[in-house]
Amino acid sequence: METDESIDQLRTDLLKAQITLSNINLLQASKWCAEAINGLSNASNITQIPTLEFDPYDLQDYSRFILAKSYFDVKEFDRCAHSLVGCKSGNAVFLKLYSKILSLDKKMAEENDGSDLNSKLSKIIQEIESFNSSSNPNHFLYYLLGIIYNKKRNYKLAQRNLLAALKLFPYNWSCWQELINSIIDFDEAMELLNKVKSSKSSLNPSIMFNFFEVVLLQEFYQQSVDVNQTLEKLLSIFPNFNFLKIQKFLICYHSLDYYQAESIFDQILEDDPLRIDDLDTYSNMLYVMEKKSKLSFLAQYSSNIDKFKPETCCIIANYHSMKGEHEKAIMYYKRALILNKNSLSAWTLMGHEFVELKNSHAAIESYRRAVDINPKDFRAWYGLGQAYEVLDMHLYSLYYYQRATNLQPTDKRMWQAIGNCYEKIGKFDESLKSFKKALSIDNTNKPQESHGSYDPYICYKLASIYEKIASVKECYKYMKLCFDQELDWGITDETSKARLWLARYALELKKYEEAYELTKDLNHNNAHDIEEARAIAREARNRMNK
Amino acid sequence: MPQPQKTPSQHNSTLYISPLVNNRQNEVFVTPPNPAAKIFGSPGSENTTSFFNVDRNVTNNGNQSKDSQPLSQAEKLRLWRHDALMQHQYKTAEFIGDKVLALTSDPNDAFWLAQVYFSSGNYLRAKSLLMSKPEFEKSVSCRYLAAFCLIKLELWDDALDLIGESNPFRRDEQYQIRNSDGGIKLESSMCYLRGLIFANQNNFDKAKEAYKEAVFVDVKCFEAFNELITNNLMTPSEEWEFITQLNYSDADNNDELVKLLYSSRLSKYFNVHKFDEAETILKQDYDLGDNTDILLARADYLYVQCNFDECLSVCERVLSKDQYNFSILPNYLSCLHELGGKNKLFLKAHQLAESHPTDAMTWLAIGVYYLSINKIIEARRFFSKATLLNPNFGQAWIGFAHTFAAEGEHEQAISAYAFAARLFPGTHLPNLFLGMQHLLMDNLNLAEEYLSTSYQICNTDPLLLNELGVIHFHKNDLVRAEAFFKEALTASKNLNSDSQTWICLHANLGHVYRKANELHRALECYNQVLRISDKNDTNLLASIGLVYLKLGNHLKSISFLHDALAISPSDPVATDLLKRALSSNQHYSKPFFDSASNKIRTMRANSISTTSPSMEPQKNDDLEDVGDIARSLKMGEVSSDEDEEVMDIESD
């Protein structure tokens, strides 16, 4: 538990950071900071407001800087950049280049061919590098470099610059967020976390690093004790910080604990009723929970707040999708994407809608855009795999399933998909390996059931592959295993098929009694199977009677 | 004494017979007429009506000093004639000059009368006057002007007959007479005329020699120097050698200045530090930092370094001082073309078309504009118009050739480049372009021949070294290719590192390493490129994909190939590679399973729900993995045998 003094110190730091950030027009980061300040316990406990510090260069550029700032505020980015040409202070250079990038971004979105605009980024890189190598480096410029390298998908360099920025100024949440975006692999994430933790850098025992750790692990769908502990610790310092509650919500959502997640979000909505951020994720969950009325209420509610927010559009799209109106849903997703082309889930969800409409090519296109924006989204990778599977391009789908599995190796669905794929392209060994993996994951995820429960579908799959490669012994083992699941899972298609197979096998081995026992009350599957079962039963009985 | 004007010798200039100078007092004659501080003001800048400000001195001195002779009648008429000429009142000058000549029948008066005709554009009349009497023909100045008239009339052979094929006054090297009057020696000017004639007869070797002689005889003959430099008659190393051999003492106490000014004009591929030195001295000691010619030299330098942004800003500075400065325009136009400044090109072309409709530069500008907006056919039409207006206009010829190259019409491009190569023997560019065209047509031997010719002219241009590397790459001589690329990289040390050339060099070096199977070094090079360049080079991404494929990292390989195909979806090389990567991905499942097992282990390690039993199935896996290794060893590398040629040619 933190002492009051340390909280006061934290408050002062955050206040100062907030002023710095809003001075330089990093609006999202400053919003985050202000929310954090208000999320602290007894938030009104402010004794003194810190002021900005200026170095001589800042003072020299000050008049032009405020001019540029006001241009920035009215969104005249090019004019802002131009009014700062020749300024020497780091902040002025940052604002100049930042507004340049914003204007480039805008133009690229408007003109749809950013080919020659793109080359301007490298000039910005050079300017930053020469500035940071000459005089005292500016942490905002490192942050900017990180953004650019992320755009160019040069993640290594991006991380290096972002970390450099954070060491100088840890309170820039946008910078942390950018760092999270630059990490696309779970191994990489762990490596980074361990490196920072073991190093003696200023970042290690800091509140901001804790925030980072929680969000990073949350985005990789982790639900470990550590994450929860860190989160609780943060919540004790920031009891009213909705950002943290959202993280908690997301963790619950990822661990499929929908009811808890729902209650957390309801609480957030009560605290801050006009908050639209992350509302779309909430609607996704309601969709999965099939809470139709709540979802339609949410759609109405959010469109009353602001119709033209990408989140609102996603919610409405979810609503239409739930009603089976896939075209309308797609229209709304498209609208969300016009409003924000980097809308994370919209591309993936639109892909799902196209799959519903059996338009595989459009689905592939959407999923592809989704993984372009967020390579951590395993659902999109999985979707790509499925779409290619429909098109009978198994090599492609194998690759995409592999990507998905890399992100989500403890999800048996991934391994099943990979196993199927390997089977289709005739790689039975690999296929067996994948299915076994799926089985072992499935098993370890439910330790409480002591005797071990196996998904009969997977068992049947394994058995049938062993049958294909004529390994009767193994085949028998898995058929048996599959059949045994009838106790836990009830009678399913697979167990019945296994039962039939076992009966046939017993017949071959002349174990007529066993065959008869197995087939006598099989009446689950299709007519053909039932017919066969009856035939086997009849034959077995005949032989027994002989 | 009523001295008749002496006929000048070849060591004099026409100043000697100028009526003003002729009457100058001795002290005026010795010291420069202007105060030392104002040596850079043009003569007569303080005097609006007359040619040299000396003439005020003359009248003053004439009135004040008692021992000066009173002017004769003829001399007064001469002054009248001269002032009329200077005020461009040709009728007066003609009228009076004719009378003076009639009075004196002095060859010098004939010269001045002819000068009047010449100035009013009446070359034929000037020529016939100058050749009307044998004594006129004997005068060096008259002969010079007569030859010039013939040149203006484009009667090249006659002009050459008149002044002779070689310099009749040539002596041994040591013997140098300083001319006393500070003007340009007529001997030198005659050499210059000879150069002009040879150049127009397409005899560039002789022209070069004549121009060089002109500058040797009198370093002040800038006309000849300018012809040498702007037409690139000498190779860069020749230029630097030439400039050290000149005799600057002719320029008197301006020798240092002239030397610096001349060196700032030379090729920027060579001796960069000397250029920098000259520039700084000119800026600091002579305060010429804002002078157009110094800025022009700066712009040339920046252009060669591919620093187009800076170059453009220098050009704009020059144009804001002097918007009709034509010598900066080629640089300005190329910069705008490189940087995609279509709108400014449009404006400039229109301005030029309004102000100078008959100048070749105008049509060059229009051609460049059309080239920028990718209208090749129109661009070609305007380039060819520019070459019609000025057949020796190299930039226009090269632009003309580029239009063919852009449309892939190699044969025609080659013939146009070849013409440019003939016009500019001292620059390596046309030969370089020729080599590139042959390379595109897969004529490796011819291409190498041209490129090595080009290499002999200039061996420090990174672009050229790059092409040589490409040739050796295609010939599978990887060692030499690598050597050339590395040489190019050292040559491009001070090149702007985001320029296309720099990027292309790194990419090509990467290709060499890739082919030589030094995969990690190849990746290093490619990463350099990725860091700087924009992300839309299919070729590069496909190559990276290939390298990863060879390294056995299929997932990465596939993802790079996908990126490549996202840029150009129908790229055959990338498609083919992707197919191979995907199909070999199915064989190499081991790394995938391994990394997945590792991941599961780490995730388990910090997850709540599970404890140790998860290790059990792992053991099983490991056993199978051994089998995998054995199998993959048996299969060997599938993909590395026949890799596609993914080498890109950078044409500039």
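Q: Which residues does B:Ala401 touch, not counting residues up to four places away in sequence?
A: This is a predicted model, where local features need pLDDT of at least 70, side-chain atom pairs count only at pLDDT 80 or more, and totals for chains, interfaces and linings use all residues. Residues are numbered from 1 along each chain as its sequence is written, while chains are lettered from A and ligands numbered from 1 in the order in which they are written. Contact here means that two C-beta atoms, placed from the backbone, lie within 7 Å. By that test, B:Ala401 touches B:Ala413, B:Ala416, B:Tyr417, B:Ala420 and B:Phe433.

Q: Which residues of α26(A) are buried?
A: Helices are DSSP runs (H or I, at least four residues), numbered from the N terminus. A residue is buried if 20 or more other C-beta atoms, placed from the backbone, lie within 10 Å of its own. In α26(A) that holds for A:Cys475, A:Tyr478, A:Met479, A:Cys482 and A:Phe483.

Q: Why are they on the same side of α26(A)?
A: An α-helix has 3.6 residues a turn, so residues three or four places apart point the same way. Taking the directions from the helix axis to the C-beta atoms, the buried residues of α26(A) lie on the same side because they cover an arc of only 140°.

Q: How far apart are the end C-alpha atoms of helix α26 of chain A?
A: The expected span is 1.5 Å times one less than the number of residues. For the 13 residues of α26 (residues 472-484) that should give 18 Å, and this agrees with the distance in the model, 18 Å.

Conventions
Helix = DSSP H or I, 4+ residues; strand = E, 2+ residues; numbered from the N terminus. Buried ≥ 20, exposed ≤ 12 C-beta atoms within 10 Å, placed from the backbone.
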